[in-house]
Amino acid sequence: TDALYDSDSVLLLLEVLDHILQLWVDEASIRQKRHQLNKDNRWIVLAEAATRRKRLATCVQGQKMIAIDRSGQMNDSDVPAILCLILNDPAWAHEFPQLVTRCRNFLSTKLAPSAATL
């Protein structure tokens, strides 16, 4: 049996279906935005963690440079570590010019040709 709908019922049905479809579209958009927001949040969390690790590493490097600078003593293993820090971040050279000079002097004595090699 076929149901007969009057024009008012059909218009109401179409309006309800249109409203339902719009809600589905809105829900899908919200899900997509939430998914994108979760992705963005993961990137934000990752960026914050990387920044935090960089800041902690910089603190540790600075403490090492201060300790070596204050001690006035530099051994063979300190020089490569200091040079790596300075090459990775030249700002350290501006903060510790005396340490750079000591590294330069240390290297020049180590690299200078000795009488035995001539």
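This is a short group-meeting talk on a predicted model of one protein chain and how its helices pack.

Okay, let's start with how far to trust it. Remember that this is a predicted model. The protein chain averages a pLDDT of 79, and 86% of the residues score at least 70. If you go element by element, H2 has the highest mean pLDDT, at 89, while H1 has the lowest, at 79.

Now the overall layout. What's in here? Four helices and zero strands, so to speak an α-α-α-α run from the N terminus on. Of the 118 residues in the protein chain, buried ones make up 14%. And if you take the contacts between residues at least 6 apart in sequence, 60% of them join residues at least 24 apart.

Let's go to the core. The largest nonpolar core has 13 residues, and the members that touch the most others are Met65, Met74, Ile82, Ile86, Trp92 and Leu99. Which elements give two or more residues to this core? That would be helix H1, residues 7-71, helix H2, residues 78-88, and H4. As general background, nonpolar side chains in soluble globular proteins tend to be buried together.

Have a look at Met74 while we're there. Skipping its neighbours within four places in sequence, Met74 contacts Ile68, Val79, Ile82, Arg102, Cys103 and Phe106.

Next, H2. The buried residues of H2 are Asp78, Val79, Ile82, Leu85 and Ile86. Why do they line one face? Because, looking down the axis of H2, these buried residues fall within an arc of 130°. Turn to the other side of H2 and you find Leu87 and Asn88 exposed. The general rule behind that kind of pattern is that an α-helix has 3.6 residues a turn, so residues three or four places apart point the same way.

One residue on that list that I'd like to pick out is Asp78. Asp78 sits in helix H2, and it counts as buried because its relative accessible area is 11%, with the cut-off being under 20%. What does Asp78 touch, not counting residues up to four places away in sequence? Lys64, Ile68 and Gln73.

On to H4, residues 97-111. H4 has 15 residues and reaches 21 Å from its first C-alpha to its last, close to the 21 Å expected. Its buried residues are Leu99, Val100, Cys103 and Phe106. They cover an arc of only 125° around the axis, which puts them on the same side of H4. Arg104 and Thr109 are exposed on the other side of H4.

Finally, the cysteines, since somebody always asks. How many disulfides does the structure hold? Zero. Cys103, in helix H4, is buried, with a relative accessible area of 1%. Cys84 is partly exposed, at 47% relative accessible area. Leaving out neighbours within four places in sequence, Cys103 is in contact with Met74, Ile82 and Leu83. And to tie Cys103 back to Asp78: they are 25 residues apart along the chain, and their C-alpha atoms are separated by 8.9 Å.

So, to recap: H2 lines one face with its buried residues, H4 has its buried residues on the same side, and both helices, along with H1, give two or more residues to the largest nonpolar core.

How values were computed. Residues are numbered from 1 along each chain as its sequence is written. This is a predicted model: local features need pLDDT of at least 70, side-chain atom pairs count only at pLDDT 80 or more; totals for chains, interfaces and linings use all residues. Side-chain values use heavy atoms; hydrogens and water are left out. The expected span of a helix is 1.5 Å times one less than its number of residues. Buried means under 20% relative accessible area, exposed over 50%, partly exposed in between (1.4 Å probe, protein chains only). The arc is that of the directions from the helix axis to the C-beta atoms. A nonpolar core is a set of buried Ala, Val, Leu, Ile, Met, Phe, Trp, Tyr and Cys residues joined through side-chain atoms within 4.5 Å. Contact means heavy atoms within 4.5 Å. A disulfide is a pair of cysteine sulfur atoms within 2.5 Å. pLDDT is the predictor's confidence in each residue, from 0 to 100.
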